[in-house]
Amino acid sequence: LQMLEQQVVGGEQAKNKDLKEKHKRRKKYADERRMQLVTALQQSNEDSSDWVLLNVYDSIQEEVRAKSKLLEKMQKKAAETEIKDLQSEFELEKIDYLSTIRRLERDLMLFQQLLDQVQSLVRRDCNYSNLEKIKRESVWDEETGCWKIPQPLIQKTRLP
């Protein structure tokens with residue numbers, strides 16, 4: 001009775017060593033795969049958890065569709081990141097340009113006020129007493145990158 005019971009429990013091939021090895025390998029592979037999935041899910045965020053679960057497909061078309069969607073999602077995310085980077089870079093450049101413009105406007109106002117104050121101290125017989133004439137006679141030099149201003153001259157008028 002015991003001998004019959006041992007043969008019946010576990011089916012006809014209860015003593016088949018190859019089958020037992022095959023079951024052990026399958027169980028070991030399933031355990032390893034389950035541990036990999038658990039580890040991957042713990043390390044991933046919401047977006048990548050979809051990617052981990054997409055590894056089981058009924059057909060190649062489903063796999064292609066799923067991977068295409070994932071690729072589109074990743075490309076969209078990369079494009080959004082690139083847009084945000086460009087916008088922040090543009091904003092920084094804009095702020096820098098505006099601060100430069102404000103500084104130059106302040107400097108221009110300072111020089112204009114200094115010029116207005118100093119003009120009254122220039123002798124009347126000097127060519128620098130007429131600022132509009134000096135502006136007309138000044139020439140911008142491209143090579144040196146500065147203005148060529150006429151030399152100051154004092155015009156003495158002699159009475160006969």
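Here are some questions and answers about the predicted model shown above. Local features need pLDDT of at least 70 and side-chain atom pairs count only at pLDDT 80 or more, while totals for chains, interfaces and linings use all residues. Residues are numbered from 1 along each chain as its sequence is written, and side-chain values use heavy atoms, with hydrogens and water left out.

Q: What pattern does the protein follow along the sequence?
A: Let's start with the parts: there are five helices and two strands. Both kinds are DSSP runs numbered from the N terminus, with helices being H or I of at least four residues and strands being E of at least two. Read along the sequence, the order is α-α-α-α-α-β-β.

Q: What share of the residues in the protein is buried?
A: Buried means under 20% relative accessible area, exposed means over 50%, and partly exposed is in between (1.4 Å probe, protein chains only). Out of the 160 residues in the protein, the buried share is 8%.

Q: How much of the area that the protein exposes comes from carbon and sulfur atoms?
A: Accessible areas come from the Shrake-Rupley method with a 1.4 Å probe, and for residues only the protein chains shown count as cover. The protein exposes about 15,300 Å², and the part supplied by carbon and sulfur atoms is 57%.

Q: How many salt bridges does the structure hold?
A: Side chains of opposite charge can pair when their charged atoms come close. A salt bridge here is a side-chain nitrogen of Lys or Arg within 4 Å of a carboxyl oxygen of Asp or Glu. Going by that rule, the number in this structure is five.

Q: Which residue meets Lys 27 in a salt bridge?
A: Look in helix α2, which covers residues 17–43. Lys 27 is exposed at 54% relative accessibility, whereas its partner is partly exposed at 31%. The two are about one helical turn apart because they sit four residues apart in that helix. With 3.8 Å from N to O, the partner is Asp 31.

Q: What is the N to O distance between Glu 63 and Lys 67?
A: Both residues lie in helix α4 (residues 60–119), four residues apart, which is about one turn of the helix. Glu 63 is partly exposed at 28%, and Lys 67 is partly exposed at 42%. Their side chains meet in a salt bridge, with an N to O distance of 3.1 Å.

Q: Which residue forms a salt bridge with Glu 132?
A: Stay within helix α5 (residues 131–137), where the two partners are three residues apart, about one turn. Glu 132 is partly exposed at 48%, while its partner is exposed at 51%. The closest N and O atoms are 3.9 Å apart, and the partner is Lys 135.

Q: How much accessible area do Leu 110, Phe 111 and Leu 114 have together?
A: Patches are made of residues with over 30% relative accessible area and no salt bridge; like charges are joined within 9 Å, and nonpolar side chains (Val, Leu, Ile, Met, Phe, Trp, Tyr) within 5 Å. Leu 114, in helix α4, is partly exposed at 44%. Together, the three residues form a nonpolar surface patch of about 300 Å².

Q: Which residues form the negative surface patch?
A: Asp and Glu count as negative and Lys and Arg as positive; His and the chain ends are not counted. Each charge is placed at NZ of Lys, CZ of Arg, CG of Asp or CD of Glu. Asp 96 is in helix α4 and is partly exposed at 45%. The patch is made of Glu 82, Asp 85, Glu 89, Glu 93 and Asp 96.

Q: How far apart in space are Lys 133 and Pro 150?
A: Lys 133 has its place in helix α5 and is partly exposed at 31%. Along the sequence, Lys 133 and Pro 150 are 17 residues apart. In space, C-alpha to C-alpha, the distance is 10.0 Å.
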